[in-house]
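Reader: Hi! Could you walk me through this one? I'm new to this.
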Amino acid sequence: MQVLIDSGASENFVDFGVCHRLILPVDGDRSSIGMASSEISVETFGKTTAGLNLLDRTYPPSNFRDLKNLCADVIVGQTFLRQHSSVTFMMNGHKEALTIATSAESPDAGLPAIAAADLEPPRLFEFLLPDCKPIAASSRRYSSEDTKFIRSEVQRLVDADIIEPARSPWGTQVLVVKQGEKKKMVIDYSVNINRFILLDAYPLPNIEDLVNRIARDKYFSSIDLRLAYHQLPLLAEEHHYTAFEADGQLFQYKRLPFGVTKGVSASQRSEDEFIKRHRLKKVYAYLDDLTVTGATLEEHGRNLKCLLDAAVECNLTINEEKSKFRTTELEMLGYLVAYKQIKPDPKRLQALLDLPEPTCAKELKRESGLFSYYTKWLPNFSKKAGPLLHCSTFPLSNEAVVVLKR
């Protein structure tokens with residue numbers, strides 16, 4: 001098919017005839033879209049979800065508006081282009097390449113904006129200890145390099161409408177931490193509001209129960225919500241509790257911040273309520289991941305479409321680069337899951353296999369503790385781990401313990 005790449009289009013579009021030929025289901029949700037001239041609008045026939053193979057690249061399913069008489073079979077716009085750091089058009093001109101940069105040179109420049117989801121705001125600060133009183137932490141000094149980084153991060157959060165200027169008796173400080181070669185700005189709520197928050201007893205799903213339920217089906221998709229915390233809106237009357245000082249000013253969060261005591265339970269509760277509200281079938285939430293399954297490819301497709309449609313309706317932002325669609329094997333929560341098969345994730349297991357052979361009882365005890373979690377897979381694992389080159393025996397607590405090594 002002929003695909004037109006249009007950097008001026010905000011969405012993706014597909015011609016009505018293509019949907020008919022490929023029997024793509026169209027939801028019939030008609031709407032009007034504006035054209036380049038604000039005086040012209042065109043009615044769509046609904047939207048469909050489809051994957052795309054373009055220039056030997058396979059892309060995960062995306063939403064396409066259905067239009068008649070398009071100038072091409074498919075038009076891909078900004079929602080598609082934002083998956084790439086840049087897009088190069090070869091024009092064969094004699095001048096040097098023309099590069100159009102993003103509007104800000106921040107570390108996350110070019111990433112799609114994280115909109116506030118249409119979900120019920122959690123009550124983060126509903127239960128506070130009786131002796132709760134505002135605390136404003138003392139100001140910190142930063143290096144010139146860290147100050148510049150904090151300033152850019154704060155501006156990025158303001159531009160994304162995640163934080164706003166604050167008037168609050170509360171105030172904590174930001175910290176700059178390194179994750180490998182990258183820096184990250186974090187908020188230290190441990191010195192003030194976290195001291196007064198009572199824990200929320202809302203439970204996280206039991207991982208083994210969750211994995212066992214998922215393994216009952218044959219087809220899987222894993223949906224990663226980009227910065228899931230920052231998609232969840234806060235109640236306006238609770239903004240002031242999240243205040244922090246940065247670059248000589250006071251700011252507060254409008255969305256769920258990282259580092260607040262009840263953040264994990266609030267995020268999980270919101271996802272569970274999202275699934276219940278839209279009556280989604282075979283969709284399982286665990287923190288910022290949504291997993292959808294199906295016994296057949298058709299059932300999985302229906303369940304996935306319902307999830308993606310609900311995500312669009314609730315304004316959820318999906319990280320398509322980290323999401324996986326229509327697979328028969330899935331890595332999740334330390335497991336490798338397939339139909340009626342649950343195995344330890346070999347990527348996590350490799351670090352244990354690479355441990356040096358213990359030379360004394362103390363080292364053996366330490367390593368055996370690391371391996372203890374995998375003992376339930378030992379019969380199957382020993383068959384698949386390849387030939388055992390040798391084994392070592394050490395006395396430990398009056399018992400003989402055998403360590404198998406490749």
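Reader: How many bridges join strand 5 to strand 6, and which way do they run?
Author: Strand 5 and strand 6 (residues 57-67) run antiparallel, joined by seven bridges. Strands here are DSSP runs of E with at least two residues, helices are H or I runs of at least four, and both are numbered from the N terminus. One bridge partner pair is L52 with Y59 of strand 6. This is a predicted model, where local features need pLDDT of at least 70, side-chain atom pairs count only at pLDDT 80 or more, and totals for chains, interfaces and linings use all residues. Residues are numbered from 1 along each chain as its sequence is written, and side-chain values use heavy atoms, leaving out hydrogens and water.

Reader: Cool! What's the strand order in the open sheet of five strands?
Author: The order is 1-7-2-6-5, with mixed pairing; two strands pair if DSSP finds at least two bridges between them.

Reader: And which strands stand at the edges?
Author: Strand 1 (3-5) and strand 5 (47-54) do. Each has a single partner strand, so one side of each lacks a neighbour in the sheet.

Reader: New topic: which residues touch the most other members of the largest nonpolar core?
Author: F244, Y253 and F274, out of 48 residues. Such a core is a set of buried Ala, Val, Leu, Ile, Met, Phe, Trp, Tyr and Cys residues joined through side-chain atoms within 4.5 Å. Buried means under 20% relative accessible area, exposed over 50%, and partly exposed in between (1.4 Å probe, protein chains only).

Reader: Which helix gives the most to this core?
Author: Helix 7 (residues 297-313), with five residues.
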